[in-house]
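Reader: I should like to learn how to read individual residues in a model of this kind. Please begin with the conventions.

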Amino acid sequence: MATSAPPAVAQLMVDVHGVHKKFGSLHVLRGVDLKVPPGGVTVVLGPSGSGKSTLLRTINHLERVDRGYVSVDGELIGYRRSGDALHELPERDVRRQRRQIGFVFQNFHLFPHLTVVENIIEAPVAALRRPRKDAVETARRLLARVGLADRADAYPRQLSGGQQQRVAIARALALEPKVILFDEPTSALDPELVGEVLDVIRDLARGGTTMVVVTHEIGFAREVADTVVFMDGGTVVEQGPPSQVLDHPRHDRTRAFLAKVL
């Protein structure tokens, strides 16, 4: 686990510093650094098995780090500082921190027995103790924002994959998170549905939402990202603005990857 506390640093919305993560003998993350300013959009690219999804899961402490640390808006995630050491927080405190970190999964993770609006209000009512009436009003406003104002009373099975993913985005927004993590948000969708989800994420970017997006959508990365990160073998091989990483990559591994996906 993490053993040393981070030094005081200028405020970032997301600060991943020297993070290592192992699963048994498999060393998945090997000293990863990632820094995202408030309002920044970082797109993470890389081949399967490069550690992209594991990186996202360490940011909200779904996976505990073995070394290094993660902070969001200046707050250590999953740990408290004690002198020069870090000690793991109780689960109730970790749950509180996760409410500030939205997570949109590739397979939606909607509750099938709840309507769309019930899916969105479940966490604000249960976790934040918001009045149900207020939560429903917020949910309907968010559904309008993602283009689904007329689907509030539908069940997930009655929606297309793209619609379900837009509901999942609205659900993440309902907790008013400081940052939203997207793990391959279009990979489970038919090609004709990808655009409607990317349009919603583009709108969030224009509105200044801080986001870290794992995706293979190169055109989207070029258009929306402030920073593109290319990972391979559990390390950050290259990062920089899209014009550099996508159009003039410096590393052979980046060039080889882009040659396969472009």
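Author: The conventions come below, followed by a buried residue and two backbone cases. This is a predicted model, in which local features need pLDDT of at least 70, side-chain atom pairs count only at pLDDT 80 or more, and totals for chains, interfaces and linings use all residues. Residues are numbered from 1 along each chain as its sequence is written, and side-chain values use heavy atoms, with hydrogens and water left out.

Reader: Where is Glu238 found, and is Glu238 buried or exposed?

Author: Buried means under 20% relative accessible area, exposed over 50%, and partly exposed in between (1.4 Å probe, protein chains only). Strands are DSSP runs of E with at least two residues, and helices are runs of H or I with at least four, numbered from the N terminus. Glu238 is found in strand β12 (residues 235–240) and is buried.

Reader: Which side chain of opposite charge is nearest to Glu238?

Author: Lys and Arg count as positive, Asp and Glu as negative, while His and the chain ends are not counted. A salt bridge requires a side-chain nitrogen of Lys or Arg within 4 Å of a carboxyl oxygen of Asp or Glu. The nearest such side chain is Arg250, 4.9 Å away, and Glu238 has no salt bridge. A polar atom of the Glu238 side chain does lie 3.3 Å from the backbone nitrogen of His251.

Reader: Where do Asp73 and Glu176 lie?

Author: Asp73 lies in the loop between β4 (67–72) and β5 (75–76), with a positive phi of about 55 degrees although it is not a glycine. Asp73 is partly exposed, at 26% relative accessible area. Glu176 lies in the loop between α5 (161–173) and β9 (179–183); Glu176 is not a glycine either, yet has a positive phi of about 50 degrees. Glu176 counts as exposed, at 58% relative accessibility.

How values were computed:
Polar contact = N/O pair within 3.5 Å; in protein donor to acceptor, adjacent residues only side chain to side chain.
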